[in-house]
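Work through the exercises below with the sequence and the structure in view. Each task is followed by a solution in steps.

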Amino acid sequence: MRSGPASAGPSSPLFASDCAPRQASSGSFSLSIDNQLQYAARSGTPPRVISDLTLDMLEPLDRAEITSVNWDSLAPEEAKRLRALGIDEGARIAIAHRGVFIGKDPIALMVGRMNVAIRRVHARAMSVKLV
């Protein structure tokens with residue numbers, strides 16, 4: 001057994017080497033993903049470096065605009081239903097909440113003053129940008 005804090009180990013974030021930025025070969029500093037998440041937690045800003053953001057990646061209460069929908073990946077009846085509910089390109093939406101099941105299905109969207117539940121598979125077919 002080791003002496004010292006019980007959680008101090010090679011995978012623990014208590015080591016200084018885990019928290020310090022590493023210098024890349026090009027001379028610029030880069031942070032590991034764990035360090036980026038720790039920095040985001042301290043600064044209060046979420047790490048958003050994803051360029052191809054889909055609706056299923058949003059967190060609850062995130063507001064976004066649908067930029068494109070891959071209608072070919074959806075069944076024709078499902079696509080028709082989503083269009084009828086106002087879920088189409090240009091629609092401004094927000095994630096109300098996610099389901100409690102293992103896959104976090106369904107996802108409740110706020111579209112205007114209406115709440116709509118959609119499957120995560122449908123949300124994955126929609127590209128969005130944060131607003």
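**Exercise 1. The hairpin**

Task: Find which residue takes a positive phi in the hairpin of strand 5 and strand 6, and describe how the two strands pair.

Solution. Step 1: This is a predicted model. In it, 2 residues lie between strand 5 and strand 6 in the hairpin. Glycine 112 has the positive phi, near 65 degrees.

Step 2: Strand 5 covers residues 107-111 and strand 6 covers residues 114-118. Their pairing is antiparallel, with 5 bridges.

Step 3: Two positions show the register. Leucine 109 has valine 116 of strand 6 as its bridge partner, and alanine 108 is opposite alanine 117 of strand 6.

**Exercise 2. The sheet**

Task: Give the order of the strands in the open sheet of 5 strands, and state which strands stand at its edges.

Solution. Step 1: The order is 6-5-4-3-7, and the pairing is antiparallel.

Step 2: Strand 6 and strand 7 (126-130) each have a single partner strand, so each has one side without a neighbour in the sheet. These two strands are therefore the edges.

Step 3: On average, neighbouring strands of this sheet are turned by 45 degrees against each other, direction ignored.

Step 4: Now follow the pairs inside the sheet. Strand 4 and strand 5 run antiparallel and are joined by 5 bridges; here histidine 97 is opposite alanine 108 of strand 5. Strand 3 and strand 4 are also antiparallel, over 3 bridges, and alanine 64 has isoleucine 93 in strand 4 as its bridge partner.

**Exercise 3. The nonpolar core**

Task: Name the residues with the most contacts inside the largest nonpolar core, then list what leucine 109 touches.

Solution. Step 1: The largest nonpolar core has 23 residues, and Leu55, Ile87, Leu109 and Ile118 have the most contacts inside it.

Step 2: At least two core residues come from each of strand 3 (63-69), helix 3 (76-84), strand 4 (92-98), strand 5, strand 6 and strand 7.

Step 3: Residues up to four places away in sequence are not counted for leucine 109. With that limit, leucine 109 touches Leu55, Ile87, Ile93, Ala94, Ile95, Ala96, Met114, Asn115, Val116 and Ile118.

Step 4: A general tendency gives the background: in soluble globular proteins, nonpolar side chains tend to be buried together.

**Exercise 4. Two helix residues**

Task: Decide whether histidine 122 is buried or exposed, do likewise for arginine 83, and list their contacts.

Solution. Step 1: Histidine 122 belongs to helix 4 (residues 120-124). Its relative accessible area is 3%. Buried means under 20%, so histidine 122 is buried.

Step 2: Beyond neighbours within four places in sequence, histidine 122 contacts Leu74, Glu78, Arg81 and Leu82.

Step 3: Arginine 83 is part of helix 3. Its relative accessibility is 42%, so arginine 83 counts as partly exposed. Leaving out residues up to four places away in sequence, arginine 83 touches Trp71 and Asp88.

**Exercise 5. The whole chain**

Task: State how many helices and strands the protein chain has, and what share of its residues is buried.

Solution. Step 1: The protein chain has 4 helices and 7 strands, in the pattern α-β-β-α-β-α-β-β-β-α-β along the sequence.

Step 2: Of the 131 residues, 28% are buried. The accessible surface is about 9100 Å², with 57% of it belonging to carbon and sulfur atoms.

Terms used:
Residues numbered from 1 in each chain as written. Predicted model: local features only at pLDDT ≥ 70, side-chain atom pairs only at ≥ 80, totals over all residues. Heavy atoms only, no water. Buried < 20%, exposed > 50% of the residue type's maximum accessible area, 1.4 Å probe, protein only. Contact = heavy atoms within 4.5 Å. Pairing = 2+ DSSP bridges. Axes fitted to C-alpha atoms, helices over the stretch in contact; angles between N-to-C directions. Core = buried A, V, L, I, M, F, W, Y, C linked by side-chain atoms within 4.5 Å. Areas by Shrake-Rupley, 256 points an atom, 1.4 Å probe, with all protein chains shown as cover.
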